[in-house]
Amino acid sequence: MIDYSKVDFTKVLTRYDLAVQNETSPEEAAKKMLPTDPTLKAVAETVLYKKIKEVGPAMAAALAKYPADQVINDGLVPGIDAVGKLYNDHVYYLPDMMVAAKVMEVGITLAEKKMGGSRETKADVIMHAAEGDPHDIGKNIAAAMMKAAGYNVIDLGRDVPITVAVEKCIEVKPLFMSGTALMTTTMSAFPEEAKRMKEAGLNIPLMGCGGAVNREFSNSYDLGIYSDKANQTPMIAEKLLAGYDWKRVREEWDSIVKGE
């Protein structure tokens, strides 16, 4: 009989995903990613800890002390960045992202009221859920993160006809258009949209997103690029704003979504 008395099973039985979660707690993310200024940190914490009832008072205190754009960039944005980190590390999940994004939206609205209108934005982007697809939770989270990053989001909603999406893209000529599909029966809208965009002379990236879509599919047609998670969308947008085209985004996708 084999003697197991001296065998160390800890390495065999360790759940390394759980070990990573313990190392990457919300508290640890707060230490590394949130501002040190107490007023701005309080704003960031409402997003990180999903305290929707506290965002109003925290924003009021911050807006009484700092310009509205600074409160967004140095308060709300670090909070949602930390949420994105926790989501990537499987500490936070989709419901956490949804609530944090809602807190962020409330904060941005309060800041914009202080400005007397919407702040200056980096670029226009169009977002929609594919024709026939009623699922828009992921799109809504990505839209909130794009707004937080300083972009003007033109949200066409869900179950958007191909013709409507393409016509809006022709009209606006955005930095990119993103489409979300949670159903395999609806994701075929994206190659058709891309085809019509090219026929209209547009070289605008069409970002494929959602549970039904993968990177291989998004890269299978011209103009197509891919975003796997909501927090990757602003990372890709920054590269497009810097002059990347859809081909270069494909080539450097791995490093882009790692924040490199």
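Student: What makes the side chain of D37 and the backbone nitrogen of L40 a polar contact?

Tutor: In this predicted model, the side chain of D37 reaches the backbone nitrogen of L40 at 3.0 Å, and a polar contact asks for N or O atoms within 3.5 Å, so the pair qualifies. The side chain of D37 also reaches the backbone nitrogen of T39, again at 3.0 Å. D37 itself lies in the loop between α3 (26-33) and α4 (38-48).

Student: Why is D37 said to have no salt bridge, and which side chain of opposite charge is nearest?

Tutor: The nearest side chain of opposite charge is K65, at 4.2 Å, whereas a salt bridge needs a nitrogen and a carboxyl oxygen within 4 Å, and therefore D37, although buried, is left without one.

Student: How do you know that D96 and K50 do form a salt bridge?

Tutor: Their closest N and O atoms are 2.7 Å apart, and because the cut-off is 4 Å, the pair counts as a salt bridge. D96 belongs to helix α7 and K50 to the loop between α4 and α5 (55-63), so the pair ties together parts that are 46 residues apart in sequence.

Student: Why is D96 called buried, while K50 is called partly exposed?

Tutor: D96 has a relative accessibility of 17%, and buried means under 20%, so D96 falls in that class. K50, with a relative accessible area of 25%, is partly exposed because that class runs between 20% and 50%.

Student: What makes K85 and D89 a salt bridge, and is each of the two residues buried or partly exposed?

Tutor: The side chains of K85 and D89 meet at 3.1 Å, N to O, and the limit is 4 Å, so they are counted as a salt bridge. D89 is buried because its relative accessible area is 16%, with the cut-off at under 20%, whereas K85 is partly exposed at 38%.

Student: Where do K198 and D222 lie, and why are both called partly exposed?

Tutor: The side chains of K198 and D222 meet in a salt bridge at 2.8 Å, N to O. The pair links distant parts of the chain, with K198 in helix α10 (residues 189-199) and D222 in the loop between α11 (215-218) and β5 (224-226), 24 residues apart. K198 has a relative accessible area of 41% and D222 a relative accessibility of 37%, and because partly exposed covers values between 20% and 50%, both belong there. A search of the whole structure finds 10 salt bridges.

Student: Which elements line the largest pocket, and what is its volume?

Tutor: The largest pocket has a volume of about 520 Å³. Of its 24 lining residues, the closest to its centre are Y87, G138, G210, G211 and D228. The elements that give two or more residues to this lining are α7 (94-115), α8 (137-148) and β3 (177-180), and α8 gives the most, with 5 residues.

Student: Why would G138 in that lining be called polar?

Tutor: Gly is counted among the polar residues, so G138, one of the residues closest to the centre of the largest pocket, belongs to that class. By class, the lining has 12 nonpolar, 8 polar and 4 charged residues.

Student: What makes up the lining of the second largest pocket?

Tutor: About 290 Å³ of space lies in the second largest pocket. Of the 14 residues that line this pocket, the closest to its centre are I80, D81, M145, N231 and M235. The largest share of the lining, 7 residues, comes from α6, and the lining divides into 8 nonpolar, 4 polar and 2 charged residues.

Conventions: Residues are numbered from 1 along each chain as its sequence is written. This is a predicted model: local features need pLDDT of at least 70, side-chain atom pairs count only at pLDDT 80 or more; totals for chains, interfaces and linings use all residues. Side-chain values use heavy atoms; hydrogens and water are left out. On a 1 Å grid over the protein atoms alone, a cavity is a set of points where a 1.4 Å probe fits but cannot get out, and a pocket is an open set with protein on both sides within 12 Å along at least five of seven lines; lining residues have an atom within 4 Å of a point. Grid points are joined across faces, edges and corners, and a volume is the space filled by probe spheres set on the points. Helices (H or I, at least four residues) and strands (E, at least two) are DSSP runs, numbered from the N terminus. Buried means under 20% relative accessible area, exposed over 50%, partly exposed in between (1.4 Å probe, protein chains only). Lys and Arg count as positive and Asp and Glu as negative; His and the chain ends are not counted. A polar contact is a pair of N or O atoms within 3.5 Å; within protein, one must be able to donate a hydrogen and the other to accept it, and residues adjacent in sequence count only if both atoms are side-chain atoms.
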